[in-house]
Each structure stands twice: as C-alpha cells, then as structure tokens.
Amino acid sequence: NMDRKQAISLWYTYNRYLYKEYKNHPFPILCFDDRQEVFEAKLNGIIEQIGLDRPSNSLQFYDSELKNSSDNPTAGLPWRVRRLYGQLRKASI
C-alpha cells in the first residue's frame, strides 16, 4: 500500500547505501532482473566461492511471481534513480 513516489524513494535510499558500501568494500551484487536460471547460477557460484553448503530443502530464494519489472525497468524513473540502477547493474556479477 505504498505509493510509487514513496517506494522509489525507499529503493533509492537503500540502494544508495548499498552502492556506497560496495565502493568501500567490494562484494558480489546479484541482480534480480536477471532471468531465474541466470540468477540461480550466479547465486550458486557465490555460494561455492565462499564455501557455503546449499540448503537441503526445496525452497527457492528467487520467486518469479514477485518479479514485475518490464524490459525497460528504468522507464519513467527520475534520472538519479536511473543512474544508480545503471551503476548497480554494472557492478553486479
């Protein structure tokens, strides 16, 4: 029940801090705009790289039903949001 302006502001604030931390101490960034199989392959690579065990349950981290972005996810967004989104995409694995 959050209006669009408030949701975009929340996204921007959170991701601005995320990107700032990434610049100070790089870490893997995954993009939820990737297709599910691509996202899961990248996630599995990170899990292997840092030596974690895959969960034994059948629950998926990625839920395609929550994805509602279009082919152009930045269309109609303020320039600073588009710029940050581009920076995050460029930084993602």
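## A first look at α1, α3 and their surroundings

Among the elements covering the buried residues of helix α1 is helix α3. Welcome to this predicted model; the pairing of these helices is a good place to start. Both α1 (residues 4–24) and α3 contribute at least two residues to the largest nonpolar core, a set of 10 residues.

**Helix α1**

- The 21 residues of α1 should span 30 Å at 1.5 Å a residue, and this agrees with its end C-alpha atoms, which are 30 Å apart.
- Buried residues in α1 are Ile8, Tyr12, Asn15, Tyr19 and Tyr22.
- Looking down the axis of α1, you will find its buried residues within an arc of 95°, so they line one face of the helix.
- Turn to the face pointing away from that buried side, and you will meet the exposed residues Leu10, Tyr14 and Lys20.

**The largest nonpolar core**

- The members of this core are Ile8, Tyr12, Tyr19, Tyr22, Ile29, Leu77, Val81, Leu84, Leu88 and Ala91.
- One of them, Tyr19, is in contact with Leu84, Gln87, Leu88 and Ala91, once its neighbours within four places in sequence are set aside.

**Leu84, a core residue in α3**

- Leu84 sits in α3, which runs over residues 79–91.
- Leu84 counts as buried because its relative accessibility is 4%, under the 20% cut-off.
- Apart from neighbours within four places in sequence, Leu84 is in contact with Trp11, Tyr12, Asn15, Arg16 and Tyr19.
- Between the C-alpha atoms of Leu84 and Leu30 there are 15 Å, and the two residues are 54 residues apart along the chain.

**Asp34, in a loop**

- Asp34 belongs to the loop between α1 and α2, the latter covering residues 36–49.
- With 9% relative accessibility, Asp34 counts as buried.
- The side chain of Asp34 also makes a polar contact, at 2.9 Å, with the side chain of Lys42.

**Ile93, after α3**

- You can find Ile93 in the segment that follows α3.
- Ile93 counts as partly exposed because its relative accessibility is 42%, between the cut-offs of 20% and 50%.
- Not counting residues up to four places away in sequence, Ile93 touches Ile29, Leu30, Lys42 and Ile46.
- Although Ile93 and Lys42 are 51 residues apart along the chain, their C-alpha atoms are separated by 7.3 Å.

Key:
Residues numbered from 1 in each chain as written. Predicted model: local features only at pLDDT ≥ 70, side-chain atom pairs only at ≥ 80, totals over all residues. Heavy atoms only, no water. Helix = DSSP H or I, 4+ residues; strand = E, 2+ residues; numbered from the N terminus. Buried < 20%, exposed > 50% of the residue type's maximum accessible area, 1.4 Å probe, protein only. Contact = heavy atoms within 4.5 Å. Core = buried A, V, L, I, M, F, W, Y, C linked by side-chain atoms within 4.5 Å. Polar contact = N/O pair within 3.5 Å; in protein donor to acceptor, adjacent residues only side chain to side chain. Expected span 1.5 Å × (residues − 1). Arc of directions from axis to C-beta.
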